[in-house]
Amino acid sequence: PNGRPLYTRAEVAEHATPEKRIWVTYGDGVYDVTDFVAIHPGGERIMLAAGRAVDPFWAVFSVHGTPETRELIEQYRIGDLVPRESDPSAAEMDSRGTGLEMLFANEPERHPSLRVRAARPCNAEAAPESLLPYVTPNELFFVRNHLPVPVIDADTFELAVEGPGIPDDFRVSVTDLKTKFPPTSVMVTLQCAGNRRAEMHAVKPVKGLQWESGAVSNAVWTGVRLRDLLAAAGYTLPDLSSAELPDGVAHVHFDGAEGYGASIPAEKALDPRGDVLIAYEMNGEPIPRDHGFPLRAVVPGHVAARSVKWLSRIALSDDESPSHWQQRDYKGFSPSATLETSDYSRAQSIQELPVQSAIVFPRPGDAVVPDKDGCVPVRGYAVSGGGRAIYRVDVSPDGGKSWIDADIVRAPDQPYGRHWAWTQWEARVPVAAAISASLSPSAAAGSSAASDAEPVGKITLVCKAVDSSYNSQPETFEGIYNVRGVLVGAWSRVPVQVKP
Ligand code: MTE
Ligand code: MO
């Protein structure tokens, strides 16, 4: 009817190599994407769909379901599927399995304690018990993947570096990075922009993975300083004592081999005290596949979204990364902005994170028994962005009416302005006064008269941290509400029952 040629799925399947041209279907359309593959970032991935339907693949990558992508692929349309074959779900169930299964056939094994919030791609938070060792063991570290984990051979893998003064086609191997540069180790806490999103969602719904307080973990990362690599590649490091960076380089892009990408300001990337690494080890082991094997950018003090895993390309640029995740995600908006009215072109990218803390133990709803002094132990973490230290953690037994100072524990050798690792804290919180306030005289009398059950006090434990800029956390989520549920740093509140 529209004059375009009609093809069967069998005909499309014959076009699965560059020699025979690469065809795919999307909905009822047939597309020749041979030229697209050559220019698309992560273009190899579309080869998984060569000769078949991209629909099941793109269903995973919600980023592709945008009007822009549709418009883009329409340029490559060469025809239509014969109408009765346009539903891929049935037609694609062939001996190779569905496209989805193929895409996720090479995922690594994962520790059973991880709390899975989405299975494919894998998004799993650290269990509460995993948040208390100061350094998170690799297998317990939270996992946040936007796409399938790529399969990479470290022996042949090369990292491309692009920028002024750097020869075209400059590449560095993993062995070069390990042997030709002094290794540097830095302890860095990575926190997802959406950590604690579920608590904001409970106040008012937001769109995103329902993270509790475990989308954060801490590791020692070892690798090459980004500065040293750029200098070795041929880039003339600017004189950072002058007020401005000279050559128009304002951002450093990081691309992941699987298609993810992000960027950070050049000032951070080039600062000798910024401690940005191209890491190849995590806690003394090769970086596990889920966390970026073999190479990962580690950007201390910034939202974890900028610490790009499976790092395959670094580029110096005067603009931010064009990646979806730099341009159309990970930005903050006013409480009134909706998904429709959020103007990504105006909003700033999230880089440094605000001050954050959370009670890890007890858990919400736990029954706690005070010790002989009437105290309950409360434990948790606190962390701020930009290398700001945690100066104090305040803990309350009564929803925020009275507070005591927690004892804080932090890595000893973090210089001023470079507190890249979190603080852990513990407080012995006196609960007696809070319990009696929670039991109204009539309720207390009524319950003891009515039964022999021991009286139970319901109280709300609260924590909030103060960082080295003396910034503190907002009391409630209302004022910092945003529809994507990022930057979720209101007071951490944990209701518990106190048993005598
Ligand atoms: N890098 C790549 N290549 N792909 C990704 O999906 N996710 C980012 C960041 N780097 C991501 C990535 C986000 S949003 C987070 S929170 C962290 O990786 C998670 O790191 P982890 O999985 O090691 O905890
Ligand atoms: Mo994230």
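**View 1. A low-confidence stretch at residues 446-452 of this predicted model.** Let us start where the predictor is unsure: pLDDT stays under 50 over residues 446-452. For this stretch the model has three contacts beyond four places in sequence. Please keep in mind throughout that this is a predicted model. Across the chain, the mean pLDDT is 90, and 89% of the residues reach 70 or more. The model as a whole scores ipTM 1.00 and pTM 0.86.

**View 2. The whole chain, for orientation.** Stepping back, you can find 13 helices and 27 strands in the chain. The chain has 500 residues, of which 41% are buried. Many of the contacts span long stretches of sequence: among those between residues at least 6 apart, 69% join residues at least 24 apart.

**View 3. The surroundings of ligand 1.** Here you see the shell of 20 residues around ligand 1. The ones that come nearest are H146, C192, G256, Y260 and A304. How does the shell divide into nonpolar, polar and charged residues? There are 11 nonpolar residues, five polar and four charged.

**View 4. An open sheet of four strands.** Follow the strands in the order β19-β21-β25-β24 and you have crossed this open, antiparallel sheet. The edges are held by β19 (356-361) and β24 (407-410). Each of these two has a single partner strand, so one side of each is left without a neighbour in the sheet. Neighbouring strands are turned by 25° against each other on average, with direction ignored.

**View 5. Strand β19 and its partner.** Moving in on one edge of that sheet, we find β19 joined to β21 (residues 375-383) by five bridges. The two strands run antiparallel. To locate the pairing, look for S357, whose bridge partner in β21 is A382. Is β19 mostly covered or uncovered? It is mostly covered, as five of the six residues of β19 are buried. As a reminder for reading such a view, side chains in a regular strand alternate between the two faces of the sheet.

**View 6. An open sheet of five strands.** The order in this second sheet is β20-β27-β26-β22-β23, and the pairing is mixed. β20 (367-368) and β23 (404-405) stand at the edges. Because each has a single partner strand, one side of β20 and one side of β23 are left without a neighbour in the sheet. β20 pairs with β27 (residues 492-498) in the parallel sense, over two bridges. One residue to look for is A367, with Q497 as its bridge partner in β27.

**View 7. Two cis peptide bonds before prolines.** One cis peptide bond joins R120 and P121, with omega about -10°. P121 sits in the loop from β6 (115-118) to β7 (123-125). Another cis bond joins F361 and P362, where omega is about 0°. The loop between β19 and β20 is the place of P362.

**View 8. Two residues with positive phi.** Y330 is not a glycine, yet its phi is positive, about 55°. You will find Y330 in the loop between α11 and β19. With 24 other C-beta atoms within 10 Å, and 20 being enough for the term, Y330 is buried. L487, likewise a residue other than glycine, has a positive phi near 55°. This residue is placed in the loop between β26 (457-467) and β27. L487 is buried too, because 23 other C-beta atoms lie within 10 Å.

**View 9. G274 and its surroundings.** This glycine lies in the loop between α10 (266-270) and β15 (277-282). G274 counts as buried because it has 23 C-beta neighbours inside 10 Å. Leaving out residues up to four places away in sequence, G274 touches K268 and A269. Which distance separates the C-alpha atoms of G274 and G387? They are separated by 8.7 Å, although the two residues are 113 residues apart along the chain.

**View 10. S342 and its surroundings.** S342 belongs to the loop between α11 (324-327) and β19. Its 17 C-beta neighbours inside 10 Å are why S342 counts as partly exposed. Not counting residues up to four places away in sequence, S342 touches F333, A337 and V483. R484 is 142 residues from S342 along the chain, and their C-alpha atoms are separated by 9.7 Å.

Note on methods: Residues numbered from 1 in each chain as written. Chains lettered and ligands numbered in written order. Predicted model: local features only at pLDDT ≥ 70, side-chain atom pairs only at ≥ 80, totals over all residues. Near = placed C-beta within 6 Å. Nonpolar A, V, L, I, M, F, W, Y, C, P; charged D, E, K, R; others polar. Pairing = 2+ DSSP bridges. Axes fitted to C-alpha atoms, helices over the stretch in contact; angles between N-to-C directions. pLDDT = per-residue confidence, 0-100. Contact = placed C-beta atoms within 7 Å. Buried ≥ 20, exposed ≤ 12 C-beta atoms within 10 Å, placed from the backbone.
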